[in-house]
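Subject: Structure handover and findings

Hello,

Here is the structure you are taking over. My notes on what was found follow below it.

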Amino acid sequence: MSDHSTDIACIDVVQLLSDYLEGRLTREMTSRVEEHLKTCDGCQRYLDQLRTTIEVGGLLREEDIDPETRAELLAAFRTFRSG
């Protein structure tokens with residue numbers, strides 16, 4: 001039988017994964033996320049994709065991005081932050 005006090009919804013896990021990867025969650029929340037990941041293939045796949053994105057993004061250098069694309073990305077992030 002499952003202990004529903006530790007159940008956590010997928011939407012909550014997805015919102016917590018960045019903090020989880022950076023070690024910013026409490027021990028209790030880390031445990032809840034890890035328990036969820038053990039039984040949820042969708043969230044585990046999302047975590048794997050997030051890790052891959054971080055890894056690949058770390059290989060990208062500023063000079064690898066053409067100036068026009070860089071300007072578009074910066075504008076998009078500014079809009080996202082202010083929106």
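How many salt bridges does a search of the whole structure find? The search gives 6 salt bridges. Please keep in mind that this is a predicted model. Before the details of those pairs, here is the general layout.

Layout

The chain has 4 helices and 0 strands. Read from the N terminus on, its elements run α-α-α-α. The chain holds 83 residues, and buried residues make up 17% of them. As for contacts between residues at least 6 apart in sequence, 55% of them join residues at least 24 apart.

Salt bridges

One of the salt bridges pairs Lys38 with Glu35, and their closest N and O atoms are 2.9 Å apart. Both residues belong to helix α2, which covers residues 27-39. Lys38 and Glu35 are 3 residues apart there, or about one turn of the helix. Lys38 is exposed, at a relative accessible area of 62%, whereas Glu35 is partly exposed, at 40%.

Another salt bridge joins the side chains of Arg61 and Asp64, with 2.9 Å from N to O. Arg61 has a relative accessible area of 47% and is partly exposed. Asp64 also counts as partly exposed, at 40% relative accessibility.

The side chains of Glu62 and Arg70 form a salt bridge as well, again with an N to O distance of 2.9 Å. Arg70 is partly exposed, with 33% relative accessibility. There is also a network: Asp19, Glu22 and Arg24 are joined into one by salt bridges that share partners.

Packing of α1 and α3

Helix α1 spans residues 10-21 and helix α3 spans residues 41-57. Their axes come within 10 Å and cross at roughly 30°. The crossing of α1 past α3 is right-handed.

Which residues meet where α1 and α3 are in contact? From α1 they are Cys10, Val13, Val14, Leu17, Ser18, Tyr20 and Leu21. From α3 they are Cys43, Tyr46, Leu47, Leu50, Arg51 and Ile54. Sorted by class, this contact has 11 nonpolar, 1 polar and 1 charged residues. The polar one is Ser18 and the charged one is Arg51.

Cysteines

Cys10 and Cys43 appear in the contact just described, which raises the matter of disulfides. A search of the whole structure finds 0 of them. Why is Cys10 not bonded to Cys40? The cysteine sulfur closest to that of Cys10 is in Cys40, at 3.7 Å, and this is too far for a bond because a disulfide needs the two sulfur atoms within 2.5 Å. Cys40 is likewise in no disulfide; the nearest cysteine sulfur listed for Cys40 is that of Cys43, 3.7 Å away.

Are these two cysteines, Cys10 and Cys40, buried or exposed? Cys10 is partly exposed, with a relative accessible area of 37%. Cys40 has 15% relative accessibility and so counts as buried, as the cut-off for buried is under 20%.

In short, the chain has 4 helices, 6 salt bridges and 0 disulfides.

Regards

Notes: Residues numbered from 1 in each chain as written. Predicted model: local features only at pLDDT ≥ 70, side-chain atom pairs only at ≥ 80, totals over all residues. Heavy atoms only, no water. Axes fitted to C-alpha atoms, helices over the stretch in contact; angles between N-to-C directions. Helix = DSSP H or I, 4+ residues; strand = E, 2+ residues; numbered from the N terminus. Left-handed = near helix turned anticlockwise from the far one by under 90°. Contact = heavy atoms within 4.5 Å. Buried < 20%, exposed > 50% of the residue type's maximum accessible area, 1.4 Å probe, protein only. Salt bridge = Lys/Arg side-chain N within 4 Å of Asp/Glu carboxyl O.
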